[in-house]
Amino acid sequence: MHRCTAVLLLLVVALYFLSAEAYKCRCTRKGPKIRYKDVQKLEIKPKHPYCQEKMIFVTMENVARFKGQEYCLHPKLQSTKNLVKWFRIWKDKHR
């Protein structure tokens, strides 16, 4: 009986940590209005076993209101898709 209880408890704890890890990877925040010219670095992290979607991180230039902050943007938002598109075009043009 004690083994069964220990195994069940271990299973519950493992499922809790897996769900906590899956929640950590999602970027639900929209973030402030970001212009592509204010972005210093754009990183797109692929899906992995704990995440259901890719993650998009932007690091801002040292502009007055951003001061080098990093934001995680939700990949399915149209504003994020437009930002990625225009940032890539702008970076390719200014190499």
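This report walks through the fold, the strands, helix 2, the core and a few single residues of one protein chain.

## Overall fold

This is a predicted model. The protein chain has two helices and three strands. Read along the sequence, their order is α-β-β-β-α. Helix 1 covers residues 2-24. The strands are strand 1 (39-45), strand 2 (55-60) and strand 3 (70-73). Helix 2 covers residues 78-93.

The protein chain has 95 residues, and 26% of them count as buried. Its accessible surface comes to about 7600 Å². Carbon and sulfur atoms account for 58% of that surface. Among contacts with a separation of 6 or more, 47% are between residues 24 or more positions apart.

## How the strands pair

Strand 2 pairs with both of the other strands. It runs antiparallel to strand 1, and six bridges join the two. It also pairs with strand 3 in the antiparallel sense, over four bridges.

Phe 57 shows both pairings. On one side, Glu 43 stands opposite Phe 57. On the other, the bridge partner of Phe 57 in strand 3 is Cys 72. Val 58 of strand 2 has its own counterpart in strand 3, and Tyr 71 stands opposite it.

## Two strands, two patterns

In a regular strand the side chains alternate between the two faces of the sheet. Strand 3 sorts its residues by burial in this way. Tyr 71 and Leu 73 point to one face and are buried. Glu 70 and Cys 72 point to the other face and are not buried.

Strand 2 also has side chains pointing two ways. Met 55, Phe 57 and Thr 59 point one way, while Ile 56, Val 58 and Met 60 point the other way. Here, residues in both sets are buried. Six of the six residues of strand 2 are buried, so the strand is largely enclosed by the rest of the structure.

## Helix 2 and its two sides

Helix 2 has 16 residues, which at 1.5 Å a residue should span 22 Å. Its end C-alpha atoms are 23 Å apart, which agrees.

Which residues of helix 2 are buried? They are Thr 80, Leu 83, Val 84, Phe 87 and Trp 90. Seen down the helix axis, these buried residues fall within an arc of 140°, so they line one face of the helix. The face turned away from the buried side carries the exposed residues Gln 78, Asp 92 and Lys 93. What covers the buried residues includes strand 1, strand 2 and strand 3.

## The nonpolar core

The largest nonpolar core has 12 residues in all. It is made up of Ile 34, Val 39, Leu 42, Ile 56, Val 58, Met 60, Tyr 71, Leu 73, Leu 83, Val 84, Phe 87 and Trp 90. Strand 1, strand 2, strand 3 and helix 2 each supply at least two residues of this core. Helix 2 gives the largest share, four residues.

Ile 56 is one of the core residues. Leaving aside residues up to four places away in sequence, Ile 56 touches Leu 42, Glu 43, Ile 44, Tyr 71, Cys 72, Leu 73, Pro 75, Thr 80 and Val 84.

## Three single residues

Thr 80 lies in helix 2. Is it buried or exposed? Thr 80 is buried, because its relative accessible area is 3%, where buried means under 20%. Beyond residues up to four places away in sequence, Thr 80 touches Ile 56, Leu 73, His 74 and Pro 75.

Ile 34 sits in the loop between helix 1 and strand 1. Ile 34 is buried too, with a relative accessible area of 16%. Outside residues up to four places away in sequence, Ile 34 touches Val 39, Val 58, Met 60, Tyr 71, Leu 73 and Leu 83. Ile 34 and Thr 80 are 46 residues apart along the chain, and their C-alpha atoms are separated by 9.2 Å.

Val 63 is found in the loop between strand 2 and strand 3. Its relative accessibility is 29%, so Val 63 counts as partly exposed. The C-alpha atoms of Val 63 and Val 39 are separated by 9.5 Å. These two residues are 24 residues apart along the chain.

Technical notes:
Residues numbered from 1 in each chain as written. Predicted model: local features only at pLDDT ≥ 70, side-chain atom pairs only at ≥ 80, totals over all residues. Heavy atoms only, no water. Buried < 20%, exposed > 50% of the residue type's maximum accessible area, 1.4 Å probe, protein only. Contact = heavy atoms within 4.5 Å. Areas by Shrake-Rupley, 256 points an atom, 1.4 Å probe, with all protein chains shown as cover. Expected span 1.5 Å × (residues − 1). Arc of directions from axis to C-beta. Core = buried A, V, L, I, M, F, W, Y, C linked by side-chain atoms within 4.5 Å. Pairing = 2+ DSSP bridges.
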